[in-house]
Amino acid sequence: MPGGWWLRKRHYFLYVVREFTALPMALWLLWLLYDIKSAGSAGFQPQRSIGFVVFSAVCLVFAMYHSYTFLKLAGVIIHLKVMDRTVPPRVIVLTMFGLWALASIVIGAVLIGFAR
Amino acid sequence: MSDVHLPAMRGGRPEGPGGAEHSHKPAYAHLFWWFMFANGGGLAALALPVHILVQGILGPLGIVLVVDQHRDTWISILGNPIVKLYLLVLIALSFFHFAHRLRYLLVDFGVPAAKSTPAQVIFYGGAVVVTLVTVWILLTTVPISLG
């Protein structure tokens, strides 16, 4: 395959972006792991630099794109039957997006609600 | 190039010297990696954006109070065994997903070596290493507290 195949069609480009989302998300999770490890030391300093905020904002864009593309695929991957009737893919996708909203509210509430 | 990597029912294994018959046995190893890939992707999709938004942007900017902006609240929540288990599953499964995606991305970019066994050992082994490091950090950084 020629080197620039992924730049020739918008669909190819978006496919590569989707696969690439793994890298920034992995980097952010490694930071989270470092943050957890830092909590054990007496000199713990919470991350407040603008550089970190910019890094997180970039990672957030990729994470949102991962969520959108992955949850949208649920309608293709998941096949459910209820009372001998196949659940329409659209309902599955909507349920997954609903779960995303619910999970975000619960996790956000824990992260903010337990802060003092 | 495929958009979805579906689990294979890898048959075609020659049975006997003639090799004419083919069995269709489930590829259990492939199913295992598919399970880790799919669940890691799903969990990252559902949980990761809000972590990044709250812990990576809103907290550091001081827009809201967040548990990891103060050591006492961060330690308090990290001591909870349910939180430890949640963080382990989130980080470990996500890394198995990332390993699979990045390996196939290299294949799509024309790096055939990414299909090889050493490449699989490096990528999935990397996910195993991150999992072990996560277990170690979660167990040694803050003691488990049920209170």
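A crossing counts as left-handed if the near helix is turned anticlockwise from the far one by less than a right angle. With that in mind, here are four close-ups of this predicted model.

**View 1. Helices α2(A) and α3(A) pack against each other within chain A.** Here α2(A), residues 22-38, passes α3(A), residues 50-77, in a left-handed crossing. Their axes come within 9 Å and cross at roughly 130°, which makes α2(A) oblique to α3(A). On the α2(A) side, look for Pro24(A), Met25(A), Leu27(A), Trp28(A) and Trp31(A). Facing them from α3(A) are Phe52(A), Phe55(A), Ser56(A), Cys59(A), Phe62(A), Ala63(A) and His66(A). Sorted by class, this contact has 10 nonpolar residues and two polar ones, with no charged residue.

**View 2. Helix α2(A) also meets α1(B), a helix of the other chain.** The α1(B) helix covers residues 28-58 of chain B, and its axis comes within 11 Å of the α2(A) axis. The two axes cross at roughly 55°, so α2(A) is oblique to α1(B). This crossing, too, is left-handed. Met25(A), Trp28(A), Leu29(A), Trp31(A) and Leu32(A) come from α2(A), while α1(B) brings Leu48(B), His51(B), Ile52(B), Gln55(B) and Gly56(B). Seven of these residues are nonpolar and three are polar, and none is charged. You may recognise Met25(A), Trp28(A) and Trp31(A) from View 1, where they touch α3(A).

**View 3. Helix α1(A) joins α3(B) through nonpolar and charged residues.** Residues 10-20 of chain A form α1(A), and residues 81-108 of chain B form α3(B). Their axes come within 9 Å and cross at roughly 145°. Tyr15(A), Val16(A), Arg18(A), Glu19(A) and Phe20(A) line up with Arg101(B), Leu102(B), Leu105(B) and Asp108(B). The contact divides into five nonpolar and four charged residues, with no polar residue. Zoom in on Glu19(A) and Arg101(B) to find a salt bridge, its closest N and O atoms 3.5 Å apart.

**View 4. Chains A and B share an interface that buries about 5400 Å².** Step back from the helix pairs, and 58 residues of chain B are seen in contact with 60 residues of chain A. Carbon and sulfur atoms account for 74% of the buried area. Within the area that chain B buries against chain A, Leu46(B), Arg71(B) and Arg101(B) supply 13%, more than any other three residues. Arg101(B) is the residue paired with Glu19(A) in View 3. Across the whole interface, one salt bridge is found.

Definitions and conventions: Residues numbered from 1 in each chain as written. Chains lettered and ligands numbered in written order. Predicted model: local features only at pLDDT ≥ 70, side-chain atom pairs only at ≥ 80, totals over all residues. Heavy atoms only, no water. Axes fitted to C-alpha atoms, helices over the stretch in contact; angles between N-to-C directions. Helix = DSSP H or I, 4+ residues; strand = E, 2+ residues; numbered from the N terminus. Parallel < 35°, antiparallel > 145°, perpendicular 65-115°, else oblique. Contact = heavy atoms within 4.5 Å. Nonpolar A, V, L, I, M, F, W, Y, C, P; charged D, E, K, R; others polar. Buried area = accessible area lost by both parts, 1.4 Å probe. Salt bridge = Lys/Arg side-chain N within 4 Å of Asp/Glu carboxyl O.
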